[in-house]
Amino acid sequence: MDTTPVDAFDTTLVLLTVEEAARRLRIGRTMCFALIRAGELESIDIGRLRRVPADAPAAYLARRRAAKRAA
């Protein structure tokens, strides 16, 4: 049985749930919300929903890697 998350290969997704973004970053949901609150991970509100643009996890990682190289 395939246990791959549904979004793992779906490149058509434009927005991710916080849980999907956390899974892509290999962090917990609570840590993902903390990054969003701190402004480190981009997100938007759609009504009562919180969504993360599909490219935001990669952008967050790129910023972290650049900061580490600069240090």
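# A guided tour of the predicted model

The protein chain exposes about 5400 Å², and carbon and sulfur atoms supply 56% of that area. Keep in mind throughout that this is a predicted model. With the whole protein chain in view, you can count three helices and three strands, and if you follow the chain from the N terminus, these elements come in the order β-α-α-β-β-α. Colouring by burial is a useful second view, in which 24% of the 71 residues of the protein chain count as buried. As for how the chain folds back on itself, among the contacts between residues at least 6 apart in sequence, 36% join residues at least 24 apart.

**First stop: the core**

Select Leu16, Val18, Ala21, Ala22, Leu25, Cys32, Leu35, Ile36, Leu41, Val52, Ala56 and Tyr60, and show their side chains; these 12 residues make up the largest nonpolar core. Helix 1, helix 2 and helix 3 each supply at least two residues of this core, and helix 1 gives the most, with four residues. In soluble globular proteins, nonpolar side chains tend to be buried together. While the core is displayed, centre the view on Ala56, which touches Leu41 and Glu42 when residues up to four places away in sequence are not counted.

**Second stop: helix 1 and the loop after it**

Now select helix 1, residues 18-25, and look for its buried residues, which are Val18, Glu20, Ala21, Ala22 and Leu25. Which elements do the buried residues of helix 1 pack against? Bring strand 1, helix 2, strand 3 and helix 3 into view, for these are the elements that the buried residues of helix 1 pack against.

Moving along the chain, stop at Arg26, which lies in the loop between helix 1 and helix 2. Just after helix 1, this residue takes a positive phi of about 60°, a positive value in a residue other than glycine. Most residues other than glycine have a negative phi. In a surface view Arg26 should be easy to find, because at 71% relative accessibility it counts as exposed.

**Third stop: helix 2**

Select helix 2, residues 29-37, and pick out its buried residues, Cys32, Leu35 and Ile36. If you turn the view to look down the axis of helix 2, these buried residues fall within an arc of 100°, so they line one face of the helix. On the other side of helix 2, Thr30 and Arg37 are exposed. To see what covers the buried residues of helix 2, add its surroundings, which include helix 1, strand 3 and helix 3. Then step just past the end of helix 2 to Gly39, which takes a positive phi of about 80°.

**Fourth stop: the salt bridges**

How many salt bridges does the count come to? The count comes to two salt bridges, and both can be shown by selecting charged side chains. Side chains of opposite charge can pair when their charged atoms come close.

For one of them, select Arg29 and Glu19, whose closest N and O atoms are 2.7 Å apart. This pair links distant parts of the chain, since Arg29 belongs to helix 2 and Glu19 to helix 1, 10 residues apart. Arg29 counts as partly exposed at 46% relative accessibility, and Glu19 likewise counts as partly exposed, at 35%.

For the other, select Arg50 and Asp45, which form a salt bridge with their closest N and O atoms 3.0 Å apart. Arg50 counts as partly exposed as well, at 30% relative accessibility.

**Last stop: helix 3**

Finish with helix 3, residues 56-70, which has 15 residues and reaches 21 Å from its first C-alpha to its last, close to the 21 Å expected at 1.5 Å a residue. Which residues of helix 3 are buried? Highlight Ala56, Pro57 and Tyr60, which are the buried residues of this helix. They cover an arc of only 105° around the axis, which puts them on the same side of helix 3. Rotate to the face turned away from this buried side, and there you find the exposed residues Ala58, Arg65, Arg69 and Ala70. Rotating back, display what covers the buried residues of helix 3, which includes strand 1 (15-16), helix 1, helix 2 and strand 3 (49-53).

Definitions and conventions:
Residues are numbered from 1 along each chain as its sequence is written. This is a predicted model: local features need pLDDT of at least 70, side-chain atom pairs count only at pLDDT 80 or more; totals for chains, interfaces and linings use all residues. Side-chain values use heavy atoms; hydrogens and water are left out. Buried means under 20% relative accessible area, exposed over 50%, partly exposed in between (1.4 Å probe, protein chains only). Contact means heavy atoms within 4.5 Å. Accessible areas come from the Shrake-Rupley method with a 1.4 Å probe; for residues, only the protein chains shown count as cover. A salt bridge is a side-chain nitrogen of Lys or Arg within 4 Å of a carboxyl oxygen of Asp or Glu. The expected span of a helix is 1.5 Å times one less than its number of residues. The arc is that of the directions from the helix axis to the C-beta atoms. A nonpolar core is a set of buried Ala, Val, Leu, Ile, Met, Phe, Trp, Tyr and Cys residues joined through side-chain atoms within 4.5 Å.
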